[in-house]
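Visitor: I would like a close look at a single part of this structure, taken slowly and with the supporting details set beside it. Could you guide me through the sheet and whatever can be connected to it?

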Amino acid sequence: MATQLLASSCALCGRHHAGLLCQACRKHHIAIPRTRCRHCAIGLAGAHTCCASCAASPPSFDASFAVTDYAAPTDALVQALKFRAHLPLAAAFADLLMNIVPRDAIASAAVMLAVPLSAERIAQRGFNQAHEIAKPIARAWHLPLATDLCVRVRDTEPQSSLPLAQRRGNMRGAFTLMRRDALIGQHVVLVDDVMTTGETLEALAATLKRNGAARVTNLVFARTPAR
Ligand SMILES: [Zn+2]
Ligand SMILES: [Zn+2]
């Protein structure tokens, strides 16, 4: 499991492997092909392309891509990155994301943004895991990674600890754009490690759209599955 994080062994199964994740684990535990909602990337059964929630109330973002469900055993990888600062995993997540996102989905993209953390959270953690995932993608796709464009003004409670009704209010005003006209007419790609309820990305996308962004596409490594 993810405690075996030697450079020469797979972070999931621990078997000797030159990279961080062996091909077998990538195939059988992580990048398992499944149908996802084109708006929010939640796993879907059957032939649908949009979940009931997005169909009833379309989110502010236009599209989302997720490599895997936020569930065992891959959730341990996210936690190893975030809480034990196993930063090389960010590059592995970036690799996996670039493998699943169709090029035409980001062909019109003009700028990439990692979901910002609050200054307090950065001080506590020392890094923004979303930014670490975004860096190699931005480099490979030749997209500018905007690092000072958007700030998270309030430290919000972790979304999963709040009842559903409070989550939206909790996120309101969480993000501020530093240059109001910077994104007018642009397709913005947002990157985060995990999408749970989607309210964080919704709040950020709503802020970008209010400031003129034309399109918002989310890239997340893991997506909380439907209950
Ligand atoms: Zn493995
Ligand atoms: Zn959806």
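Guide: In this predicted model, 4 strands form an open sheet in the order 1-6-5-2, and the pairing is parallel. The edges are held by strand 1 (63-69) and strand 2 (109-114), each of which has a single partner strand, so one side of each is left without a neighbour in the sheet. From one strand to the next, the twist averages 20°. Strands of a sheet pair through backbone hydrogen bonds, either parallel or antiparallel. Here, strand 5 (residues 187-195) and strand 6 run parallel and are joined by 8 bridges; on the level of single residues, Met195 has Arg223 in strand 6 as its bridge partner.

Strand 6 also leads to a side-chain contact, for the count of aromatic pairs comes to 1, and this pair consists of Phe93 and Phe221, which are stacked at 3.7 Å centre to centre with 5° between the planes. The pair links distant parts of the chain, since Phe93 belongs to helix 4 (residues 88-100) and Phe221 to strand 6 (residues 215-223), 128 residues apart. Phe93 is buried, with a relative accessible area of 0%, and Phe221 is likewise buried, with a relative accessible area of 0%.

Earlier in the sequence are the residues that bind the zinc ions. The zinc ion (ligand 1) is coordinated by the SG atoms of Cys10, Cys13, Cys22 and Cys25, at 2.2 to 2.3 Å, and its 4 donor atoms subtend angles of 104 to 114°, which makes the arrangement tetrahedral. Along the chain these donors follow the spacing C-x2-C-x8-C-x2-C. Because Cys10 lies in the segment before helix 1 (23-30) and Cys25 in helix 1, the pair ties together parts that are 15 residues apart in sequence; Cys10 and Cys25 are both buried.

For the zinc ion (ligand 2), the protein donors are the SG atoms of Cys37, Cys40, Cys51 and Cys54, lying 2.3 to 2.4 Å from the ion. The site is tetrahedral, with angles of 101 to 116° among its 4 donor atoms, and the donors follow the spacing C-x2-C-x10-C-x2-C along the chain. Cys40 lies in the loop between helix 1 and helix 2 (52-56), whereas Cys54 lies in helix 2, so this pair ties together parts that are 14 residues apart in sequence. Cys40 is buried, as is Cys54.

Note on methods: Residues are numbered from 1 along each chain as its sequence is written. Chains are lettered from A and ligands numbered from 1 in the order in which they are written. This is a predicted model: local features need pLDDT of at least 70, side-chain atom pairs count only at pLDDT 80 or more; totals for chains, interfaces and linings use all residues. Side-chain values use heavy atoms; hydrogens and water are left out. Donors are N, O and S atoms within 2.8 Å of the metal (3.2 Å for Na, K and Ca); water is not among the atoms, so sites may look incomplete. Four donors count as tetrahedral if all angles lie between 85 and 135 degrees; four count as square planar and six as octahedral if opposite donors are over 155 degrees apart and all others between 65 and 115; anything else is irregular. Helices (H or I, at least four residues) and strands (E, at least two) are DSSP runs, numbered from the N terminus. Buried means under 20% relative accessible area, exposed over 50%, partly exposed in between (1.4 Å probe, protein chains only). Rings of Phe, Tyr and Trp (its six-membered ring) pair if their centres lie within 6.5 Å; planes under 30 degrees apart count as stacked, over 60 as edge-to-face and the rest as tilted. Two strands pair if DSSP finds at least two bridges between them. Axes are lines fitted to C-alpha atoms, for helices over the stretch in contact, and angles run from 0 to 180 degrees between N-to-C directions.
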